[in-house]
Amino acid sequence: MSKRITQGVARPAPVSVLINGRSVEAYEGESVLTALVAAGVLTMSRDSFGRVRTPFCNMGVCFDCMVDVESSDGVTSRVRACLTPVRAGLRVTVAELP
Ligand code: FES
């Protein structure tokens with residue numbers, strides 16, 4: 001179930017992105033973090049001690065939203081989800097909960 005605001009909001013046609021292999025709807029130009037949270041994903045990565053990290057600042061400072069993103073051209077990058085815009089066909093990998 002999407003956690004998006006639906007009333008009084010106009011958005012472009014949705015695109016499909018994969019989050020850990022699961023297809024979800026997102027909107028080009030919104031942040032990957034927005035797409036993740038809207039899909040109910042709050043765990044982004046793990047620190048060097050194996051502790052789960054979840055977004056904190058939503059403005060590129062805390063680095064707690066690091067995810068792996070593979071674009072449609074096959075290039076995988078470790079990025080901050082809050083600063084990375086959604087594009088059609090992105091494949092996002094986030095940490096799995098134990
Ligand atoms: S949420 Fe802090 S860098 Fe993305």
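## Threonine 54

Threonine 54 has 14 other C-beta atoms within 10 Å and is therefore partly exposed, since a residue counts as buried only from 20 such atoms and as exposed at 12 or fewer. The residue belongs to a model that is predicted. Its place is the loop between β4 and β5.

When neighbours within four places in sequence are set aside, the contacts of threonine 54 are Leu42, Thr43, Met44 and Asp64. For one of these, methionine 44, the C-alpha atom is separated from that of threonine 54 by 5.5 Å, with the two residues ten apart along the chain.

## Overall layout

The protein chain contains one helix and seven strands. Read from the N terminus, the order of elements is β-β-α-β-β-β-β-β. The C-alpha trace spans about 40 × 30 × 25 Å along its principal axes.

A compact globule with 98 residues would have a radius of gyration near 13 Å, and the protein chain agrees with this because its own value is 13 Å. Of the 98 residues, 20% count as buried. Among contacts between residues at least 6 apart in sequence, 48% join residues at least 24 apart.

## The five-stranded sheet

Which strands make up the open sheet, and in what order? Five strands form it, in the order β2-β1-β7-β5-β6, and the pairing is mixed. β2 and β6 (76-80) stand at the edges; each has a single partner strand, so one side of each has no neighbour in the sheet. On average, neighbouring strands of this sheet are turned by 35° against each other, direction ignored.

Strands of a sheet pair through backbone hydrogen bonds, in either the parallel or the antiparallel sense. Both senses can be followed here in the individual strand pairs.

## Strand pairs and hairpins

β1 and β2 run antiparallel and are joined by five bridges. Valine 17 has valine 24 in β2 as its bridge partner, and isoleucine 19 has arginine 22 in β2. The two strands form a hairpin with two residues between them. On its other side, β1 pairs with β7 (residues 91-93) in the parallel sense over two bridges. Isoleucine 19 takes part here too, with valine 92 as its bridge partner in β7.

β5 and β6 are antiparallel and share five bridges. Methionine 66 is bridged to arginine 80 in β6, while glutamate 70 stands opposite threonine 76 in β6. These strands also form a hairpin, with five residues between them. Glycine 74 in that turn has a positive phi of about 90°.

## Nonpolar core

The largest nonpolar core has 18 residues, and those with the most contacts inside it are Val32, Leu36, Ala81 and Val92. β1 and α1 (32-38) are the elements that give two or more residues to this core. The most comes from α1, with four residues.

What does valine 92 contact beyond its neighbours within four places in sequence? Its contacts are Val17, Leu18, Ile19, Val32, Leu36, Val67 and Val69. Val32 and Leu36 in this list are also among the core residues with the most contacts, and Ile19 is the bridge partner of valine 92.

## Positive phi at two asparagines

Where do asparagine 20 and asparagine 58 lie? Asparagine 20 is in the loop between β1 (15-19) and β2 (22-26), and asparagine 58 is in the loop between β4 (52-53) and β5 (66-70). The second of these loops also holds threonine 54.

Asparagine 20 has a phi near 50°, a positive value in a residue other than glycine. It is partly exposed because 14 other C-beta atoms lie within 10 Å. Asparagine 58 likewise is not a glycine, yet has a positive phi of about 60°. Asparagine 58 has 17 C-beta neighbours inside 10 Å and so counts as partly exposed.

Definitions and conventions: Residues are numbered from 1 along each chain as its sequence is written. This is a predicted model: local features need pLDDT of at least 70, side-chain atom pairs count only at pLDDT 80 or more; totals for chains, interfaces and linings use all residues. Two residues are in contact if their C-beta atoms, placed from the backbone, lie within 7 Å. A nonpolar core is a set of buried Ala, Val, Leu, Ile, Met, Phe, Trp, Tyr and Cys residues joined through C-beta atoms within 7 Å. The radius of gyration is taken over C-alpha atoms; the globule rule is 2.2 Å times the number of residues to the power 0.38. Two strands pair if DSSP finds at least two bridges between them. Axes are lines fitted to C-alpha atoms, for helices over the stretch in contact, and angles run from 0 to 180 degrees between N-to-C directions.
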